[in-house]
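Thanks for asking me to look this one over. My notes follow as numbered points, so you can check each of them against the view.

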Amino acid sequence: MKLVWPVPNHHNISSDSSDHELRQGPGQFAIDIPAPEGTVVVASHEGVVAWAQDTGGPCGQGVQVEWEDYFSRTCHHSMLLVIPGQYVLEGEPIALVGHTG
C-alpha cells in the first residue's frame, strides 16, 4: 500500500516508536516529523475522518483517517481542518503542525 507523506517538504524523522513510552500495539508504530508550527499536515490516504479532536492525552489535538481495514493517525496539531465523518482525499490538508499533547 502506498501512502502520501503527511508533512510535505519535511522528511526528517526525529524519533520513532522505539523512543515512545506509549505503544499502539503489534503492527502499529509512530514517528515524529519535525516541522515549524503551522505547517500543513495532509491525509496519507483517502478515507473518512473517524475523529478529529483534542484527545486530552499524549496525542493532544489529533486526527484519525480510516479506509478499508487501515487507519492513519496524526497528533500534536495546533489546528484541526477537518471534522468527524468528512471524506478526505489523499494529500488533502487535515491539520496544522503544533505542539499539543
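1. Let me begin with a cysteine. Cys 75 has a relative accessibility of 26%, so this residue counts as partly exposed. Please keep in mind throughout that the model is a predicted one. Cys 75 is bonded to Cys 59 in a disulfide, with 2.1 Å from S to S. The two cysteines tie together distant parts of the chain: Cys 59 comes from the loop between β4 and β5, Cys 75 from the loop between β6 and β7, and 16 residues separate them.

2. Is the other half of that bond buried or exposed? Cys 59 has a relative accessible area of 11%, under the 20% limit, and is therefore buried. The disulfide thus has a buried partner in Cys 59 and a partly exposed partner in Cys 75. As for handedness, the torsion about the S-S bond is about -95°, which makes the disulfide left-handed. A search of the whole structure turns up one disulfide, so you can take this pair as the one to look at.

3. Right after Cys 75 comes a residue with a backbone angle to check. His 76 has a phi near 70°, a positive value in a residue that is not glycine. His 76 sits in the loop between β6 and β7, and its relative accessibility of 27% makes it partly exposed.

4. A second positive phi occurs at Glu 68, where the angle is near 45°, again in a residue other than glycine. Glu 68 belongs to the loop between β5 and β6. With a relative accessible area of 73%, Glu 68 is exposed, whereas His 76 is partly exposed.

5. Now for the overall plan. What elements does the chain contain? There are nine strands and zero helices, so reading from the N terminus you meet β-β-β-β-β-β-β-β-β. The chain has 101 residues, and 32% of them count as buried. Among contacts with a separation of 6 or more, 52% are between residues 24 or more positions apart. The accessible surface amounts to about 6,200 Å², and carbon and sulfur atoms hold 53% of it.

6. One sheet is open and has four strands, in the order β6-β5-β4-β8, with antiparallel pairing. Which strands stand at the edges? They are β6 (70-74) and β8 (87-88): each has a single partner strand, so one side of each lacks a neighbour in the sheet. Inside that order, β4 (residues 47-54) pairs with β5 in the antiparallel sense over six bridges. If you would like a place to start tracing, Ala 52 has Val 63 as its bridge partner in β5.

7. Within this sheet, Gln 64 deserves a look. This residue is part of strand β5 (residues 61-67), and its relative accessible area of 5% makes it buried. What does Gln 64 touch, once neighbours within four places in sequence are set aside? Its contacts are Val 48, Val 49, Ala 50, Trp 51, Phe 71, Ser 72 and Arg 73. As a reminder for tracing, in a regular strand the side chains alternate between the two faces of the sheet.

8. Strand β9 (residues 93-97) is another element to inspect. Four of its five residues are buried, so the rest of the structure largely encloses this strand. β9 pairs with strand β3 (residues 40-42) in the antiparallel sense over three bridges; there, Val 41 has Ala 95 as its bridge partner. β9 is also joined to strand β7 (residues 77-80) by three bridges, and these two strands run antiparallel. In that pairing, His 77 is bridged to Val 97.

9. Last, the surface. Met 1, Leu 3 and Tyr 70 make a nonpolar patch of about 340 Å². Met 1 lies in the segment before β1 (15-16), and at 61% relative accessibility it counts as exposed, the cut-off being over 50%.

How values were computed. Residues are numbered from 1 along each chain as its sequence is written. This is a predicted model: local features need pLDDT of at least 70, side-chain atom pairs count only at pLDDT 80 or more; totals for chains, interfaces and linings use all residues. Side-chain values use heavy atoms; hydrogens and water are left out. Buried means under 20% relative accessible area, exposed over 50%, partly exposed in between (1.4 Å probe, protein chains only). Contact means heavy atoms within 4.5 Å. Two strands pair if DSSP finds at least two bridges between them. Patches are made of residues with over 30% relative accessible area and no salt bridge: like charges are joined within 9 Å, nonpolar side chains (Val, Leu, Ile, Met, Phe, Trp, Tyr) within 5 Å. Accessible areas come from the Shrake-Rupley method with a 1.4 Å probe; for residues, only the protein chains shown count as cover. A salt bridge is a side-chain nitrogen of Lys or Arg within 4 Å of a carboxyl oxygen of Asp or Glu. A disulfide is a pair of cysteine sulfur atoms within 2.5 Å.
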